[in-house]
Amino acid sequence: MISSEQSCSILELEISTLDRLRTSGCSAARRSRTTHTAWNPPTTDIGTAGVEKMQVCLVVILPLLWPLINAQVPHWGPCPEPVTQPAFNFKLFMGRWFEIAKLPAQFEKGRCIETNFTLQFDGTARVLSSEILKGELRTMEGTAVVEDKKNPAKLGISFSYVLPYTPYWIISTDYVNSALVYSCTDVLRLFHVDFAWILGRSRSLPESTINHGKEVFTKNNIDVSRMVASRQQGCDKLP
């Protein structure tokens, strides 16, 4: 069994090899979002030793990354850098938001999903998310913060004191009707997994608003071809 210290050493030694593969092969093999070009395996010869090292590295990191990969569809390359809401007002964003549409997420399996933001005295926000799953109302409480004072639309959310904040970027909002939210994590800048939501102040939005939201995501190089409608029916009779 490889210890955690040995794993870290292997990762440090192999980052250069991973980077070289990414630069020479993976970047060229990346699927085009517009043309869907087929992936041709990289032809760079890194030698037998390099292949063996890569195999060892993958044995170490894949078990750690598998839950993340299995939950979402990974995309080649680092996270995109979308344009966020100009002059974002954290205070106006507070209140109740209903999930209208989303990229499928492993941690969201229920219906009637909503999130309520409440401003705190320290400038953070209390986050209370809820869903109905298997006939039961389930809730989860966390904290939202403005992570980048120069770009206040780049929020971070954490639902645990021991876990770091997860990106929660407000791409667009009018504060009173709808909001577009994006979250992304990249792995060694080789690939990334992301989440996207269309939120509403009510449990439904006009189809034109939803379509416009998808167009905004697409213009920011965010693939929402797998986006699905959230289930917000029969939510008035909560368990």
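**Strand pairing around β8 in the predicted model**

The protein chain contains four helices and ten strands. The structure is a predicted model, and the succession of elements from the N terminus is α-α-β-α-β-β-β-β-β-β-β-β-α-β. Of the 239 residues in the protein chain, 42% are buried. Among contacts with a separation of 6 or more, 57% are made by residues 24 or more positions apart. The accessible surface of the protein chain amounts to about 14,200 Å², of which carbon and sulfur atoms supply 57%.

Strand β8 comprises residues 178–187 and is mostly covered, with eight of its ten residues buried. Two pairings of this strand were examined. With β7, strand β8 pairs in the antiparallel sense over four bridges; in this pairing, Ser 172 has Leu 180 of β8 as its bridge partner. The two strands form a hairpin with four residues between them, and Tyr 175 in the turn adopts a positive phi of about 70°.

With β9 (residues 191–200), strand β8 is joined by ten bridges, and the two strands again run antiparallel. Within this arrangement, Ser 178 lies opposite Gly 200 in β9. The hairpin of β8 and β9 has three residues between the strands, and Leu 188 takes a positive phi near 55° there.

Ser 183 offers a view of the environment of a single position in strand β8. Its relative accessible area is 3%; because this value falls under the 20% limit, Ser 183 is classed as buried. The side chain of Ser 183 reaches the backbone oxygen of Pro 167 at a distance of 2.6 Å. When neighbours within four places in sequence are set aside, the contacts of Ser 183 comprise Thr 166, Pro 167, Val 193, Asp 194, Phe 195 and Trp 197. Pro 167 falls within the range of β7 (166–173), as does Thr 166, whereas Val 193, Asp 194, Phe 195 and Trp 197 fall within that of β9 (residues 191–200). The surroundings of Ser 183 thus include residues of both strands that pair with β8.

A contrasting environment is found at Val 162, which is located in the loop between β6 (154–158) and β7 (166–173). Val 162 has a relative accessible area of 72% and is therefore exposed, the cut-off for this class being over 50%. Together with Tyr 161 and Leu 163, Val 162 forms a nonpolar patch on the surface, and the three residues have about 460 Å² of accessible area together.

Conventions:
Residues numbered from 1 in each chain as written. Predicted model: local features only at pLDDT ≥ 70, side-chain atom pairs only at ≥ 80, totals over all residues. Heavy atoms only, no water. Patch = residues over 30% accessible without salt bridge, like charges linked within 9 Å, V, L, I, M, F, W, Y side chains within 5 Å. Areas by Shrake-Rupley, 256 points an atom, 1.4 Å probe, with all protein chains shown as cover. Salt bridge = Lys/Arg side-chain N within 4 Å of Asp/Glu carboxyl O. Buried < 20%, exposed > 50% of the residue type's maximum accessible area, 1.4 Å probe, protein only. Pairing = 2+ DSSP bridges. Polar contact = N/O pair within 3.5 Å; in protein donor to acceptor, adjacent residues only side chain to side chain. Contact = heavy atoms within 4.5 Å.
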